[in-house]
Structures are given as C-alpha cells and as structure tokens.
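Work through the exercises below with the coordinates open beside you. Each one sets a task and is followed by a solution in steps.

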Amino acid sequence: MTTARRADDGSWLILPALALLLIAFVGPLIWFFAQALATEENLLDRAVAVLTSKAVATTIVTTNWISLLVTLLVLLIGYPIAYYLANRNGLRFAAVLFCIIVPYFTSVIVRTYSWMVLLGRDGLVNQGLMAVGLTDAPVPLLYNKTGVLIGMVYVLLPYMILTIFASMKSIDPRLVQAARSLGAGSAYTFFRVYFPLSFHGVVSGSLIVFILSIGFFITPALMGGPSDVMIAMLIERAVEITFDWTSAAIMSLLLLIITLLLYAVYYRVTDVRRMMGG
Amino acid sequence: MMLAGFAEVDGGDIFVDRTNIVGVRPQHRGFGMVFQNYAIFPHLNVFENVAFPLRARRVPAAELKKRVMSALELVRLERFADRYARQLSGGQQQRVAIARAIVFRPPVVLMDEPLGALDKNLRYQMQLEIKEIQQQLGMTVVYVTHDQEEAMNMSDRIAIMNSGRIEQVGPPREVYETPANTFAGRFLGEANLLEGTIEEVRDGRVRLRTAAGTAFQARAGNGVQNAQRAALFVRPERVRIGRPAHDEVERNHVAGRLGRTSFLGNIHRHMVELEPGTEMIVDVQNGQAGPGAEPGQSVELSWPVSDSIALPV
Amino acid sequence: MMMRPGVRALPVYIGAACFVLIAPIVILVILAFGDQGYLSFPPEQFSLRWFDAFFGDAQWRRALWSSVLIGLVACTIATVLGFFAAYSLVRSAMPGKKLVLSFVLLPIIVPHVITAIALYFMSARLGLVGNILWIGVCHAIIALPIVLLILLSTLQGVDINLERAALSLGSSRLGVFTKVVIPLAFPGIVSASLFAFLASFDELIISLFLAGVRTQTLPVRIWNSLHLEVEPVIAAVSAFLIGITGMILVLDVLLRHARATKSGKG
C-alpha cells in the first residue's frame with residue numbers, strides 16, 4: 001500500500017465527528033425506518049394507501065404551496081436587502097446587518113411567539129390598522145394562512161439575505177464599471193450584468209429556504225389554522241396522538257427523500273462552505 | 001478612473017474636442033475602456049460581450065451582428081464568438097476586451113494597464129497588435145502603464161505622471177533624451193544625475209561644478225539659473241570608458257575608479273566611482289570593446305556635451 | 001436615469017424592512033418588563049414582576065438548569081469534535097472533502113421532526129428518554145455543523161507554514177496543536193463553542209421528544225405554555241433567551257476583533 005508510507009496528514013481526525021453522526025443521527029434514522037417499516041407486511045400497498053389518503057394528500061399539496069409562497073416572498077423581500085448590504089459599508093452596513101443577525105440567532109420559538117403577540121386579535125398590528133382606519137374590527141391574522149406566511153417569512157428571511165449577499169460580494173465591481181463605461185445605464189447594467197451574476201445566490205437561497213420550509217414545524221404548528229397543516233405536523237401527530245409509527249415513517253421517508261434530492265441540487269450549485277452565509 | 005468618470009475630480013477640467021466632460025456620468029462619456037483584469041462578463045459569451053455596448057445603444061440586430069463580427073475579425077477572434085471567458089487564454093480575453101471597447105467607435109479608448117497580467121512575450125506581441133488596430137482605426141488611445149518599454153513602444157506621446165501631476169508630455173524620443181526634470185529623467189530608463197552648482201549660463205549652454213570641484217558643460221534645461229543647484233543628466237549608454245580616437249565633438253571628461261560590472265545580456269553595466277558616494281553607470285553594448293581595466297583601476301569617462309542636460313533640482 | 005426614483009426608494013424600503021425585522025424582538029423585550037397581567041403595548045408601568053415569576057418558579061428554574069446542562073454537554077462535544085473535523089478538512093489531503101462536509105452539515109438540512117422522531121424511537125427502546133447527557137449528545141449533532149463552518153474559516157486563516165516551522169524546530173505533533181494551532185485559532189474556537197451552546201439552548205423539537213417530565217428545557221416549557229395561553233411570563237423567558245443571544249453576539253464581535261488583530265487580517 002502506498003498510503004502506509006505517506007506521512008500522517010491528520011485525515012483520521014474527522015472520524016470522531018463521523019462517529020457522533022453515526023450514533024446520534026444516521027444510526028437512529030436507519031433503525032427507525034427499518035423497525036417502523038419492517039412490521040408492515042405489504043409495505044408498498046400501505047405506503048400508497050397512506051400517501052393517497054385525503055388528509056396526507058391535502059397536506060402534501062398545502063406543504064408545497066406554502067413553501068413555494070414563502071420562498072417567493074422571502075426572495076422578493078430579501079433580494080433588495082441583500083443588494084443594499086452588498087453595496088454599502090460602514091455604519092449603514094452594520095445597522096442593516098444587525099437587524100438581520102439578531103433575529104437570525106434568536107430561537108425560532110421566541111421569534112414565532114413575538115409575532116403571535118403582535119398579530120393577535122388585540123395585538124399591535126390590529127391596533128395600528130384600526131388606528132389609521134384601515135379596518136373597523138380586528139382582522140384575523142393568526143391561526144390562518146396569513147399567520148403562517150408572516151411567521152415563516154420572518155424566520156427564513158435571514159437565510160435568503162445572507163446567501164444572496166455572499167454571492168453578490170463575489171461579483172467583481174469592475175464588471176459593473178465596465179458595463180457603465182460601455183454605455184449601459186443603471187437599469188440596463190442591473191438587469192443585464194448584476195442580476196445574472198447574482199442569480200447563483202438566488203438559486204442557492206431559494207433552494208435552502210424551500211428545503212427548510214417543507215420540513216417546517218414550529219411556526220405553522222403555532223400560527224396556522226386547521227387548514228394549514230404541513231407534513232411535519234402530520235408526522236408529529238402520527239407519533240404523539242395516534243401512535244401510528246408506520247404512517248409516520250412512510251411520510252418521514254417521503255419528506256426525507258425530497259429533502260435529500262433538493263440538497264443534492266443545492267450541493268451541485270453551491271459552495272457548501274458558504275452555507276448560512278458563513 | 002477620472003477620465004472614465006468612476007472617480008470624482010478634485011479640481012480642474014477634462015476636455016474632449018473642446019467639450020468639458022467633468023460631471024458627465026460614465027455611461028454618457030462614450031469612452032471605450034479596457035480594464036486591467038479585462039472585466040469580461042463571465043455570464044455572456046464572446047459575441048454578447050462585444051455586442052454589449054451596441055445593445056445598450058439599441059443598435060438594430062442586422063447592423064449589430066455585422067459590427068460585432070467585424071470587431072472580432074479585427075482582433076482575430078471571429079471563430080471564438082460562442083466561447084465564454086473561462087474558455088479563453090489571457091491574450092484572447094484581452095482581445096475580447098479590446099473588441100468590446102472599440103466596437104461602438106468611441107472617440108477615445110482608455111486602457112488601464114491592459115497587458116499587466118500577461119507574460120513578457122505575449123505582452124510584446126499584444127503591444128504591436130494594439131498599436132496596429134489603433135492606427136487602422138485612427139482613434140485616440142489613452143494608455144496607462146508602469147512599464148517604460150511598453151510606454152515607449154506604443155506611444156505617439158507619453159505623459160509622465162507623478163502623484164496626480166503631469167511632469168512631462170512629449171514624443172517618446174524627446175521625453176527619453178530631453179527630460180524636463182529629474183523625475184522624468186529617472187522614470188524612463190537608467191539615468192546618471194550629477195549634482196552641482198551652475199556657474200555660467202550662455203547660449204543655451206551651462207557650466208556646472210560638482211562639490212568635488214569638477215566642471216562639466218551641458219545643454220541648459222528649462223528653469224536652470226545661474227548660481228543655483230542643478231543636476232547634470234546623461235544616459236549610461238552615452239558615456240564611454242577611455243578617450244575616443246577621433247574627437248569630432250566637444251566632450252566632458254572625468255576620472256574615476258572602475259567598480260562592479262553586471263552582465264545584463266544585451267549590455268555590460270559598469271559602475272564607476274568618481275569620488276566616495278558618487279557613482280556613474282556606464283552601459284557598453286555586448287560585443288563592443290570592454291573597459292580595458294580591472295575593477296579598482298582608474299579609468300577615464302567621457303561623453304558628448306550635447307548628450308547631457310542640466311536639470312533643476 | 002430610469003432608476004432614479006428606484007434609487008431613492010431603496011433606502012426607504014430598507015429602513016422599513018429593518019424595522020419589521022427588529023421590531024418584534026424589541027417589542028417583546030419591552031413587553032416583558034410590563035406590569036400588567038396581560039400583554040399590552042406600551043406597558044403602563046414597568047416592573048420586573050414577570051422575571052420574578054420566571055426565576056421564582058421552581059419548574060421554570062429547573063427548565064433553565066436543564067437547558068444550561070444540555071447546552072454545556074452539546075457545546076463541549078460539538079466544539080472538540082468539530083475542531084478536529086475542521087482541522088482534518090483544512091489540512092489533510094483527504095479525497096471527497098466537499099462530500100464529507102456536506103454530510104456533516106446534514107443535521108441542519110434534514111427536517112428536525114424526522115431526526116427527533118428517529119431519536120425518540122431509538123431512545124425509548126434504550127431507556128434514554130429524559131437523560132440529560134443523551135439529550136446533550138443529540139444536540140451536539142445540531143451544533144456540530146455550526147462549529148465546523150466557523151472553524152473551517154478560522155483554520156484557513158492559520159498559516160500552515162507556522163505549523164511546519166514548529167515541527168522543524170523540534171515540536172511534536174501534539175505540541176504543534178497545543179502551542180501553535182489552538183492558541184492561534186482560540187478566538188474562533190470560543191466563538192464556535194458559544195454558537196454551539198446557543199444552538200442547543202434554543203433547540204426545541206429534539207428536546208420536545210427526548211425530554212422527560214423533569215428534563216424539560218426552556219423552549220419546551222415555552223412550547224407547552226403556549227398551547228395553554230400567551231401568558232406574560234413567556235415574554236420574560238423570551239426576553240431572557242434574547243438576552244443570551246445578544247450577549248453571545250456581542251462576545252462574538254469582540255472575538256472577531258481579537259481574531260483580526262491576531263492573524264493580522266480582517
């Protein structure tokens with residue numbers, strides 16, 4: 001073996017981390033799927049039955065619909081913020097970054113709770129709407145799709161901003177100068193040069209937000225109504241309420257496979273070291 | 001950067017054909033620009049890169065295609081129209097940048113150290129190509145470079161800049177042989193500068209005496225006045241070691257001690273110490289006779305009076 | 001020319017967006033200092049009443065204690081293993097580095113509900129539900145990706161020639177670690193461990209499934225209370241969690257500064 005003669009370069013130092021993942025992540029996942037699905041004699045029929053049942057089918061549609069909406073909203077809201085962040089420095093940069101980073105590192109449940117307080121019947125938002133005369137009676141903003149969208153957009157916005165920001169930072173500013181020197185105006189420069197060059201970040205950011213959306217649990221569970229059940233909530237209910245481990249495993253497997261496929265696409269288009277805008 | 005409009009002007013004006021362009025935004029100046037790192041749009045192919053300024057000006061499709069292809073032909077890249085920047089060599093990327101900068105027929109093309117990233121051989125070849133294109137199209141090119149050989153090879157006129165000020169403007173030969181001041185003299189090539197005091201100014205000629213007491217004759221540079229400090233400037237290749245057989249022209253003479261000799265390929269470079277702390281450089285073409293002395297021995301140096309200028313210090 | 005109105009609208013939009021991003025958190029903190037028995041903004045009077053209710057309640061105190069213990073276990077494991085993993089990814093000639101890295105990052109990609117259920121399924125059979133040490137180990141897999149991302153960039157900033165110099169000067173492999181790599185990477189290591197602690201401290205879903213009655217963490221207590229009502233003591237607990245986040249972010253800024261001066265670059 002040639003490897004035996006090569007100097008020890010420390011590659012084995014990765015092993016403890018991989019062992020941890022094996023014990024507390026991959027192992028349990030495999031065990032869970034193997035055990036929960038092994039009890040079923042005719043697995044394929046059961047899987048088809050579970051996934052085509054009205055409740056699950058509706059939930060899959062809802063999950064995709066909400067995730068798409070969230071991704072689109074987060075992209076539209078986040079892109080200009082990332083643009084601003086990438087093209088400013090000093091105090092304005094720091095101030096905007098602060099407003100993104102603080103929520104980003106705050107517990108998801110705390111962030112969700114803060115919007116529940118604001119969006120309630122007597123919450124600040126409704127008070128504000130009534131004070132300016134936009135509405136006479138409180139508008140239902142919580143326990144419906146509006147609530148889920150607001151909550152999820154708020155929680156996921158920083159991921160999009162930081163991902164697009166990272167890709168914008170790698171755009172050579174001289175390309176924009178070149179476009180200007182060649183006679184292009186601001187709008188033409190933006191749409192023909194800047195946006196195409198930042199498109200990479202748009203794709204990465206959208207993928208990561210969509211991936212996180214379809215598996216989202218806390219925010220829709222707390223802020224959604226009866227018709228806003230997402231797949232992760234259905235999985236939790238199968239375990240906690242009906243103790244139906246087989247259904248939970250089937251739904252989990254579907255969600256896991258979709259997530260991994262999307263992650264594979266993300267892996268192709270992105271430098272994973274840049275994940276979370278690092 | 002100021003000419004292109006990316007940097008603000010602190011003071012003064014910029015005129016193009018008698019129009020002041022200070023305050024005009026970059027996209028309205030209409031200059032072609034070639035950047036140091038080429039700034040080829042990575043997401044557009046060669047054709048679209050070159051078409052970019054035409055599309056920004058809404059040139060009709062048929063004419064656009066014709067003009068892009070003729071620009072690409074000019075830089076001999078017509079077969080690479082579908083390629084992307086990452087599929088091109090440095091020299092080819094450079095040609096794309098040039099084609100892009102000239103395709104909209106700008107009155108002035110700015111080139112900011114365009115060949116800085118290329119190796120020496122390719123650089124020389126590209127210099128000739130750029131020069132050829134410039135003459136073919138008859139356009140004005142403002143070419144920024146730190147490479148003196150490149151400056152002399154390419155220019156009709158050189159402007160030597162020193163921290164934002166123009167020290168001298170003129171044809172390469174004039175700037176090389178008759179520098180306006182010591183900065184310009186040192187900038188292009190090697191220079192000998194002997195400091196002293198002016199003793200006499202007459203008919204465009206001066207007599208300058210160094211601290212050691214040697215007197216030299218020289219042409220009078222601009223701003224040289226009697227009884228003031230000045231530096232005598234002479235190029236190393238004009239200085240000879242030993243007395244020439246036929247003294248047709250008036251020459252300066254000085255004695256010194258031969259020091260280090262370096263072999264630089266096309267020349268031998270000798271250092272000659274006139275007195276402690278004062279050295280002169282003497283370049284002798286490879287293949288010509290050597291100094292005829294060993295290091296440490298005394299030698300006599302001489303050069304034509306007309307090849308030396310007194311410059312103000 | 002065409003973008004002129006757009007250019008002026010951008011700062012207005014950014015201002016509004018930043019307000020919406022930060023306001024919920026600020027308002028929540030202010031509410032926590034209110035005096036009323038219900039949440040109203042602005043509070044008529046300020047008091048520490050709800051913080052007293054939080055720290056005075058044995059159950060909340062126990063939840064805080066569980067959170068801290070679990071966080072410490074998770075952050076210790078994740079930091080130590082993450083450091084070695086980052087070192088090996090930066091320095092070794094291992095093939096497929098990108099693949100290994102994206103594998104270690106999986107726990108933040110895979111929906112936490114799936115991970116939590118799988119862990120619960122296994123833990124229940126092994127009698128590990130409610131075991132603080134085990135919950136810490138499980139949280140470590142969530143914290144590991146964060147540690148790894150931070151330490152990758154830190155270690156890339158440590159010049160390999162410094163290590164070679166130490167080796168050539170007679171230092172052992174272990175000596176290179178303790179005398180060169182760890183001191184140089186120290187601010188980054190502390191930073192990574194802080195964010196690892198925070199990741200565990202804020203984690204809800206895995207704790208929700210794995211916590212027994214006596215080992216509920218703060219987020220789990222908040223979750224359970226939220227299903228009953230939006231009581232003001234939750235605002236106080238939230239403000240406390242926000243305070244921890246704020247503290248860790250401030251420490252990180254200071255550490256970044258130290259890192260910049262140490263490695264001589266920004």
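The exercises that follow concern a predicted model, and they move from one chain as a whole to a helix pair, an interface and the confidence values.

**Exercise 1.** Describe the secondary structure, the extent and the burial of chain C.

*Solution.* Begin with the secondary structure: chain C has twelve helices and zero strands, and its pattern along the sequence is accordingly written α-α-α-α-α-α-α-α-α-α-α-α. Next take the extent, for which the C-alpha trace of chain C spans about 70 × 70 × 35 Å along its principal axes. Then turn to burial, where 47% of the 266 residues in chain C count as buried. Finally, consider the contacts in chain C with a separation of 6 or more, of which 73% are between residues 24 or more positions apart.

**Exercise 2.** Determine how helix α7 (residues 132-156) of chain C and helix α9 (residues 173-202) of chain C are arranged, and which residues make their contact.

*Solution.* First, the geometry: the two helices, α7(C) and α9(C), pack with their axes 8 Å apart and at an angle of about 155°. Because an angle over 145 degrees counts as roughly antiparallel, α7(C) is roughly antiparallel to α9(C). Second, the handedness: the crossing in which α7(C) passes α9(C) is right-handed. Third, the residues: α7(C) contributes, among them, His139(C), Ile142(C), Ile146(C), Ile150(C) and Leu155(C), while the contribution of α9(C) includes Ala185(C), Gly188(C), Ile189(C), Phe195(C) and Ser200(C). Fourth, the chemistry: the residues of this contact of α7(C) with α9(C) comprise 13 nonpolar, five polar and no charged.

**Exercise 3.** Analyse the contact between chain A and chain B, looking in particular at the side that belongs to chain A.

*Solution.* Start with the numbers, which are 16 residues from chain A and 18 residues from chain B. On the side of chain A that touches chain B, α8 (173-181) and α9 (186-214) of chain A each supply at least two residues, and the largest share, seven residues, comes from α8(A). Sorting the residues of that side of chain A by character then gives nine nonpolar, four polar and three charged.

**Exercise 4.** Where in chain B is confidence lowest, and where is it highest?

*Solution.* Consider the chain as a whole before its parts: the mean pLDDT of chain B is 87, with 98% of its residues at 70 or more. Within chain B, the lowest confidence falls in helix α1 (residues 26-29) of chain B, at a mean of 78, whereas the highest belongs to helix α3 (residues 61-74) of chain B, at 94. As a general caution, predicted coordinates should not be read in detail where pLDDT is low.

Technical notes
Residues numbered from 1 in each chain as written. Chains lettered and ligands numbered in written order. Predicted model: local features only at pLDDT ≥ 70, side-chain atom pairs only at ≥ 80, totals over all residues. Axes fitted to C-alpha atoms, helices over the stretch in contact; angles between N-to-C directions. Helix = DSSP H or I, 4+ residues; strand = E, 2+ residues; numbered from the N terminus. Parallel < 35°, antiparallel > 145°, perpendicular 65-115°, else oblique. Left-handed = near helix turned anticlockwise from the far one by under 90°. Contact = placed C-beta atoms within 7 Å. Nonpolar A, V, L, I, M, F, W, Y, C, P; charged D, E, K, R; others polar. pLDDT = per-residue confidence, 0-100. Buried ≥ 20, exposed ≤ 12 C-beta atoms within 10 Å, placed from the backbone.
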